[in-house]
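Colleague: Please choose one part of this chain and examine it closely. I should then like to be led from there, step by step, to its surroundings.

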Amino acid sequence: MKDSPNSSVFRVEFPEFDRTSIVGPGSTIMDAAQKVGVAINSICGGEGHCGKCRVVIEKGRVRSKTNSSPEGIEVKKGPVLACLSEVLSDVEVTIPEESRIDEKPNFDGCLAAAFGLSGEGLLRYPHKPLCRKKYFELSPPSLSDNLSDFERVKRALIHTVGAPVYADFGFIRALPDLLRQSGFRTTVTFAFREGMYEILHGESGDTAGINYGIAVDVGTTTVIANLVNLNSGKVSASSAIYNSQIRYGEDVITRIMYSQENREGLEYLHGLIIQDINTLVGRLAVQAGIRADEIYSMVCTGNTVMIHFLLGITPINIRREPYIPVIADPPAVHAEEIGIAIHPRGYIGFLPGFGAYVGSDITAAILASGMNLEENINLLIDVGTNGEIVLGCRDWLICCSASAGPAFEGAGTACGVRAASGAIEKVRISEDGSVKIGMVAGSSHKPIGICGSGYIDLVAELFTAGFIDRTGRFKTDNHNPRIRKGENGLEFLLVDKKYSATGNDIVITENDIITLIRTKGSIYTAAESILNHVGLLWDSIDNVFISGGFGNHLDMDRSIIIGLLPDLDRGKFHFIGNGSIAGAQMCLLSEYALIKSKEVAQAMTYFDLSTDPLFMKEYSSSLFLPHTDLQKFPTVTVHVLP
C-alpha cells in the first residue's frame, strides 16, 4: 500500500466493515475508526491504559507508543493499540473480535416479566399518559359566540382535563389556518406539565387513535428504548444500542474529563447520545410501521452525568467537591430543542434525580419496585459501575452510592467483555477440574471472553471446588493443570485458545479475582452500612430488589457464595430487570407516576459513605470469600466451607 499522493491525508481501511476513513497527519487509528462509525473497545478513554483497543496493522505504517517507548516506534505489521498509534501512511486495519463493540448489545427485553413489571407493575398507577390526544368538533365562531380561536380550543380542552391550559406562540400562530381548513374539526395533542397542560400540536380531522411515546434508559454503557402505544399502554417495539460515548471512556468521570479538556468536547458528547437515541427512534418506527413524527413524547432516565450530556449541560462540577450537578430535576423540553427526531414539538420529559451520583435511573427503579408504596422495609440494589443502594418504605427512603468499578461490566479484567454474543455468562467446574461454560443467549460462535455474571459464577465455582482460598489466591497444592503461571502471575485457564474466537486463551488471573472481590465487597458493605446507619439488621428486610440488566443474569446462590448479596431467605430476592426503563415507561403512561417520582426524590436522604467511619473498616472485612465474619453467611458456611 502506497502513501496517498496528497501527503496531508491518509486512507485508513477497515475491510471487515467495508469502510474507509480519510484522516490528516497526527490522527490515530482510533480517530480514523470513530470518524466512520467503526466502534473499537476503549475503557480508558484513549489513554492507553486498558489495552482493550488492540488492532492489527495489515498494511501501511503507524507510529505506536508503548510503555517502553513513549516516543513511539514505527510499525508496519502486527498488533498495536488503536488509541496510541499515529497514522503515517495509507493503512489497512483488522479489528479482532475481542476489540469490537457490536452495534447491538444483547437485548432480551427490558422488563422482568417474572416480577410482573410487564403487566400489573406498570399499571400500578392509573393509565393517564403524559402526552394525550383529543379530537374536538368545535362550533365555528359567530356574532353570538365570538371567542378568539385560541380561547375556543382552550375552553374545550379545559373542559376535558379540568386544569389550566397554555400554548406557545408557534401553536397560536398556526391555529387560524388549522381550524378553518379542518372545518373546526381538529385533534389537539397536549402534555402534562407541573399541574398544567401544554398544547403541543394540532391536526386536521380525528387522529387521536395514533399516539406513541418512547421510554429511554440512557445508560453509561447501553441505551435502551421501548416504543409504547400510549392509548393501549402496550409496548409496540424495543431496541438497544451501545452508548457511542464508550469510546471516550467506560465511566462517566473519564467522559467528564474529556468534555472539560477538549474544546467542543461537551457538544460532541451531547451529539453522540442524541445520535444514538435518534438511531433507536428510527429502528422503533420501522418495527412498528409508523412515522417518527407520529411519536409525540419521550421520557428519559439515566444517571445524572448522562442526563447532563443529553441536555448539553456541562457536568464538570459533579467531579469537584462538593460534587454539585447543574440540575437534578430537569424541566421537560420540546424534541426540536435538543435534536430528538420525533415530532418536532414532541414532549421530552425526565424523572428527577437526587444528586451527583444518584440519578433518575434510581428514582425510576424505586417506582418499578414499588418499595415507595410499601409499609414494610425493603432494599433496592442497582448493580453497575456504581452500586446504588436504596433502603426504606413508604414513610422514608435513604440511599448511597458505592464506587464498585466496572469489573462486573466486563472491564478492568484480563478477559472481560460485555454481555454480547460470545460472552461466557455461566460456568460450572466439577470436582475433577473439568469445566462447562454457557454463553449469552443467541451466541452462535466461539467464546470471546467473560462477562460479569460469568465472573461471579467462575469465582464461586473456583472457591467451592477448592481451587482458591478465601482471599482469592490460587491453591497450588492440588496440581490442577488449569492453574498455571501467566504473564501477570497465577491464572486459571477457562478456554484454550484452540476453542476461543480470539485465538487467545481465556483465563481468569489472580489479580482479576482480587478486583472482583473488591467490587463485591464494595456493594455488600454499602448495603450493610446503610442498614447500620439507621440501626437495622439484615433480618429487618422484607424484600431485596435487584435492578439493572446485569441482575437478570445473576445466579442467586453463587452471588451469595462470593459475598456479593446477603445470605437471606432466597424468597426475599426479586429481579426487577431494567428498573430504569420500567420506571420511565410507568411515567410515560401515567402523570400520577411522574408526580410520585418527584415525591420519591424529595423524600430521599443521601448517606455519604465517605464520611462513615465504619465503612472502611467493614469494607476491609468484606475482602474475603464470602466475608471475614462467617456468621453473616450461615448457608455458605454449612454447605460450602469445610
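Modeller: Leu280 is my starting point: leaving aside residues up to four places away in sequence, it is in contact (heavy atoms within 4.5 Å) with Val223, Ile224, Ala225, Ser239, Ala240 and Ile241. This is a predicted model, in which local features need pLDDT of at least 70 and side-chain atom pairs count only at pLDDT 80 or more, while totals for chains, interfaces and linings use all residues. Residues are numbered from 1 along each chain as its sequence is written, and side-chain values use heavy atoms, with hydrogens and water left out.

Leu280 belongs to helix H5; helices (H or I, at least four residues) and strands (E, at least two) are DSSP runs, numbered from the N terminus. With a relative accessible area of 1%, Leu280 is buried (under 20% relative accessible area; exposed is over 50%, partly exposed in between, with a 1.4 Å probe and protein chains only). Of its partners, Ile224 is 56 residues away in sequence, yet the two C-alpha atoms are 8.1 Å apart.

From Leu280 one may turn to the helix that holds it. How do H4 and H5 cross? Helix H4 (residues 252-261) and helix H5 (residues 265-288) have axes that come within 6 Å and cross at roughly 130 degrees. Here axes are lines fitted to C-alpha atoms, for helices over the stretch in contact, and angles run from 0 to 180 degrees between N-to-C directions. H4 and H5 are therefore oblique to each other; angles under 35 degrees count as roughly parallel, over 145 as roughly antiparallel, 65 to 115 as roughly perpendicular and the rest as oblique. On the H4 side the contact involves Arg255, Tyr258 and Ser259, which meet Gly265, Leu266, Tyr268 and Leu269 of H5. By class, this contact has four nonpolar, two polar and one charged residues. Ala, Val, Leu, Ile, Met, Phe, Trp, Tyr, Cys and Pro count as nonpolar, Asp, Glu, Lys and Arg as charged, and the others, Gly among them, as polar.

Ser259 offers a link to another region: Asn372 is 113 residues from Ser259 in sequence and 36 Å from it in space, C-alpha to C-alpha. Asn372 is placed in the loop between helix H8 (360-369) and strand S19 (378-382), and its relative accessibility of 7% makes it buried. Beyond four places in sequence, Asn372 touches Tyr125, Ile366, Leu367, Cys393, Arg394, Lys596 and Val600.

Leu367 leads on to the packing of H8, since it is one of the residues by which H8 meets H12. H8 and helix H12 (residues 579-589) pack at an angle of about 75 degrees, and their axes are 7 Å apart. H8 is thus roughly perpendicular to H12. Asp361, Ala364, Ala365, Leu367 and Ala368 of H8 touch Gly579, Ser580, Ala582, Gly583, Ala584, Met586 and Cys587 of H12. Eight nonpolar, three polar and one charged residues form this contact.

The interior comes next. A nonpolar core is a set of buried Ala, Val, Leu, Ile, Met, Phe, Trp, Tyr and Cys residues joined through side-chain atoms within 4.5 Å. The largest has 66 residues, and Leu462, Phe492 and Leu494 have the most contacts inside it. Helix H10 (residues 510-533) is its main contributor, giving nine residues. Apart from this core lies another, of 60 residues, which includes Phe150, Phe171, Cys399 and Ala582. Leu494 touches Ile424, Val427, Val435, Ile437, Ile450, Leu458, Arg482, Ile506 and Val507, residues up to four places away in sequence being left out.

Some backbone details remain. Most residues other than glycine have a negative phi, and most peptide bonds are trans. Phe184, although not a glycine, has a positive phi of about 65 degrees; it sits in the loop between helix H3 (169-181) and strand S11 (185-193) and is buried at 7% relative accessibility. Asp18 also has a positive phi, of about 55 degrees, but it is exposed, at 72% relative accessibility. The peptide bond from Glu321 to Pro322 is cis, with omega near 10 degrees, and Pro322 lies in the loop between helix H6 (304-311) and strand S17 (333-334). Leu625 and Pro626 are likewise joined by a cis peptide bond, with omega about -10 degrees.

For the chain overall, there are 15 helices and 30 strands, and 57% of the 642 residues are buried.
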